[in-house]
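Work through the exercises below with the sequence and the structure open. Each task is followed by a solution in steps.

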Amino acid sequence: MSDRVVVVTGALTGIGRATAEAYADGGDIVVASGRNAEVGEELVAQLLDCGAKAALFVQTDVRYEDQVSDLINTAVERFGRLDVGVNNAGTDGELVELSEITVEQYQQIFDTNVLGTLLTLKHQLRVMKSQRSGVIVNVSSVLGVKGAPVGAAIYSASKHAVVGLTRSAALEAAPYGVRVNAVAPGFIDTAMFQRVAGAQREGYERIVPLERAGAPEEIASAIVSLTASSASYITGSVLAVDGGLTAG
């Protein structure tokens with residue numbers, strides 16, 4: 001389908017921005033969200049330069065339902081429908097051992113990664129079930145399908161929850177012709193990875209079978225492929241895009 005209406009959360013940097021640009025390159029209508037309005041307006045200009053049929057930024061913090069509802073309603077009111085939802089907004093939080101974690105640190109991660117995904121799913125499905133069409137991709141992580149190193153247990157738990165939400169939503173949405181999948185990125189060259197890996201970057205990359213970090217554009221490509229008509233029989237799946245990290 002051409003000229004799809006696509007909503008991308010967490011679209012201002014990294015995987016989210018690369019994904020918004022990938023849909024723009026395909027001539028789709030892109031509704032981008034994030035928390036920084038100034039950067040959002042700059043992104044809109046970039047998306048139009050990339051070839052988007054139309055582009056819009058809606059300032060949104062996915063932890064708050066009224067803002068998520070406004071994002072989806074704005075997209076539908078402006079463009080008439082919602083064809084694709086990419087739920088990328090997330091945070092890694094602080095690296096803290098389980099014996100030291102605080103309730104506040106837990107809430108910081110779960111409110112964005114889990115509640116945020118739940119709320120966007122809720123309002124996307126509200127529209128797509130009524131349309132009886134649409135595709136959603138949630139962004140999880142390799143740490144959503146395996147355990148985490150010391151300090152990342154809560155992040156890992158949140159991304160496992162995204163996988164659970166994805167599979168359950170896929171079952172609920174299937175009778176309405178709506179598909180829901182997830183991608184599980186490995187080490188991707190974003191600000192988050194650079195911050196976590198730091199001076200140990202080469203060590204991180206050595207444990208990847210392909211011996212490098214991925215590019216945000218490689219995750220974006222996987223997301224776009226899952227929302228293509230050629231993927232019409234794929235739902236409830238979690239696609240690892242990790243250079244082979246989870247293969248063995």
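The exercises treat a predicted model, beginning with the sheet and ending with single residues.

**Exercise 1. Sheet order**

Task: Determine the order of the strands in the open sheet and state which strands stand at the edges.

Solution.
Step 1. Strands of a sheet pair through backbone hydrogen bonds, either parallel or antiparallel.
Step 2. Tracing the partners across the sheet gives 7 strands in the order E3-E2-E1-E4-E5-E6-E7, with parallel pairing.
Step 3. E3 (54-59) and E7 (238-241) each have a single partner strand, so one side of each has no neighbour in the sheet.
Step 4. From one strand to the next, the twist averages 15 degrees.

**Exercise 2. Bridges and register**

Task: Give the number of bridges for the pairs E1 and E4, E4 and E5, and E5 and E6, with a residue pair that fixes the register of each.

Solution.
Step 1. E1 and E4 are parallel and share 3 bridges; Val6 is opposite Val84 in E4.
Step 2. E4 and E5, also a parallel pair, are joined by 4 bridges, and Val86 has Val137 in E5 as its bridge partner.
Step 3. Between E5 (residues 134-139) and E6 (residues 178-185) there are 6 bridges, again in the parallel sense. Here Val135 is the bridge partner of Arg179 in E6.

**Exercise 3. The two faces of E4**

Task: Decide whether the faces of E4 are covered or open.

Solution.
Step 1. In a regular strand the side chains alternate between the two faces of the sheet.
Step 2. In E4, Val84 and Val86 lie on one side, and Gly85 and Asn87 on the other.
Step 3. These four residues are all buried, and both faces of E4 are covered.

**Exercise 4. Helix H5 on the sheet**

Task: Compare the expected span of H5 with the distance between its ends, then describe how H5 packs.

Solution.
Step 1. At 1.5 Å a residue, the 21 residues of H5 should span 30 Å. The end C-alpha atoms are 30 Å apart, in agreement with that value.
Step 2. H5 (residues 153-173) packs on the sheet and touches E5, E6 and E7; its direction makes about 160 degrees with that of E6.
Step 3. An α-helix has 3.6 residues a turn, so residues three or four places apart point the same way.
Step 4. Among the buried residues of H5 are Lys159, Val162, Val163, Thr166, Ala169, Ala170 and Ala173. The buried residues pack against H4, E5, E6, helix H6 (191-197) and E7.

**Exercise 5. Helix H4 and its kink**

Task: Apply the span test to H4, locate its kink, and describe the setting of Thr112.

Solution.
Step 1. The 29 residues of H4 (residues 103-131) should span 42 Å at 1.5 Å a residue; the end C-alpha atoms are 40 Å apart, which agrees.
Step 2. H4 has a kink of about 40 degrees centred on Asp111.
Step 3. Thr112 also lies in H4. With a relative accessibility of 13%, Thr112 counts as buried, the cut-off being under 20%.
Step 4. Neighbours within four places in sequence aside, Thr112 is in contact with Val62, Arg63, Ala89, Gly90, Thr91 and Thr117.
Step 5. Just after H4, Arg132 takes a positive phi of about 65 degrees; Arg132 is placed in the loop between H4 and E5.

**Exercise 6. The nonpolar cores**

Task: Identify the residues that touch the most other members of the largest nonpolar core, and list the contacts of Leu47.

Solution.
Step 1. The largest core has 27 residues, of which Tyr23, Leu47, Val183, Ile219 and Ile223 touch the most other members.
Step 2. The elements giving two or more residues to this core include E1 (5-8), H1 (14-25), H2 and H8 (216-226).
Step 3. Leu47 touches Ala20, Glu21, Ala24, Val30, Ala52 and Ala55, leaving out residues up to four places away in sequence.
Step 4. A second, separate core of 21 residues includes Leu71, Leu82, Leu121 and Ile136.

**Exercise 7. Two residues to classify**

Task: Are Glu211 and Asp66 buried or exposed?

Solution.
Step 1. The cut-off for exposed is over 50% relative accessible area.
Step 2. Glu211 has 60% and is therefore exposed. Glu211 lies in the loop between H7 (201-206) and H8, and its phi is positive, near 60 degrees.
Step 3. Asp66, in helix H3 (residues 65-79), has 58% relative accessibility and counts as exposed.

Conventions: Residues numbered from 1 in each chain as written. Predicted model: local features only at pLDDT ≥ 70, side-chain atom pairs only at ≥ 80, totals over all residues. Heavy atoms only, no water. Expected span 1.5 Å × (residues − 1). Bend = angle between axes of the 7 residues up to and from the residue. Pairing = 2+ DSSP bridges. Axes fitted to C-alpha atoms, helices over the stretch in contact; angles between N-to-C directions. Contact = heavy atoms within 4.5 Å. Core = buried A, V, L, I, M, F, W, Y, C linked by side-chain atoms within 4.5 Å. Buried < 20%, exposed > 50% of the residue type's maximum accessible area, 1.4 Å probe, protein only.
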